[in-house]
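Me: I'd like a close look at the strand pairing here. Start with how the strands meet, then carry on into the rest.

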Amino acid sequence: QLAKQSQVGKKIILPGGLVVIRQYQDLLFTGSYQEEKSLPLSPRVLKIPGETLIPEKGMVIKATISQQLPLRAENRVWFPLNPERLPELHVRSRLPGDWLKPIGMSGRKKLKDFFIDRKIPKAERDHILLVACGPEVLWIPGLVVSNRMKETKTAAQYLILELIRQK
C-alpha cells in the first residue's frame, strides 16, 4: 500500500524497528526510527575575493574578481559585477521564503517548488549547499544557476565562484 498509494514522505514502522519511507519512485528502508534532527549547513558570508571553507561538506568556494570570462566548468559560475556595489553573498542551506530565477525561465520560482519539481527528497533539502543574496538563490552547485549569470561581453568585471572539493 505504501508503494502504490502513499504520498511522498509517508513512512511506516515495521516490527523490529525497520522503517520504510516513500521517496518519489523509491522506498527507503532504514534500520531504526529516528526523526531527522541533523542541523542544516551553518550560514556564512562568502569572502569576496577569497576562499570560504565549508567543513561540513569538505568543500571550499573560491571567489575571484576578473575582467575576463572564465572557461566553462561544471563546478564554476560567474556573474556580471558592479565593482562599486559588491553584494554580500552567503553560503548556507535553504531558508523559508527562498526563491530563484533559473537560466531559461521567466519569472521567479520558490525554492521549495524547485526541489519538489526536481523530486529531491524532503530529508535532503536542508542539507543542500547554496549561494544566496538575501532570499534570492544564485547558485546550487550541480543543480541550478540564476539567470543573473548571463554571458555578456559588456560587463567590466565578473565575480567567479568555483566549488572545490577538499582532499
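Reply: Two strands count as paired if DSSP finds at least two bridges between them. The elements themselves are DSSP runs numbered from the N terminus: helices are H or I with at least four residues, strands are E with at least two. Keep in mind that this is a predicted model, where local features need pLDDT (the predictor's confidence in each residue, from 0 to 100) of at least 70 and side-chain atom pairs count only at pLDDT 80 or more, while totals for chains, interfaces and linings use all residues. Residues are numbered from 1 along each chain as its sequence is written, and side-chain values use heavy atoms, with hydrogens and water left out.

Strand 6 (residues 59-66) is a good place to begin. Strand 5 (residues 50-54) pairs with strand 6 in the antiparallel sense, over five bridges, and Ile-54 has Met-59 as its bridge partner. The two make a hairpin with four residues between them. Gly-58 sits in that turn with a positive phi of about 65 degrees. Strand 6 also pairs with strand 14 (residues 157-165), again antiparallel, over eight bridges; there, Ala-63 is matched with Leu-161.

Now back up a little, to the loop between strand 4 (44-45) and strand 5, which holds Pro-49. The peptide bond from Ile-48 into Pro-49 is cis, with omega near -15 degrees.

There's another backbone oddity in the loop between helix 2 (111-117) and helix 3 (122-125): that's where Lys-119 lies. Lys-119 isn't a glycine, yet its phi is positive, near 60 degrees. Its relative accessibility is 43%, so it counts as partly exposed (buried is under 20% relative accessible area, exposed over 50%, partly exposed in between, using a 1.4 Å probe and protein chains only).

As for aromatics, the structure has one pair. The rings of Phe-114 and Phe-115 have centres 6.1 Å apart and planes at 50 degrees, so they're tilted. The rule, for rings of Phe, Tyr and Trp (its six-membered ring): centres within 6.5 Å make a pair, with planes under 30 degrees apart stacked, over 60 edge-to-face and the rest tilted. Phe-114 is buried at 6%, and Phe-115 is buried at 0%. Elsewhere, the charged end of Arg-108 sits over the Trp-99 ring, 4.2 Å from its centre; that takes NZ of Lys or CZ of Arg within 6 Å of the ring centre and within 35 degrees of the ring normal.

On confidence, the mean pLDDT is 85, with 89% of residues at 70 or more. Helix 1 (residues 2-5) is lowest, at a mean of 66, and strand 8 (residues 90-92) highest, at 97. Where pLDDT is low, the predicted coordinates shouldn't be read in detail.
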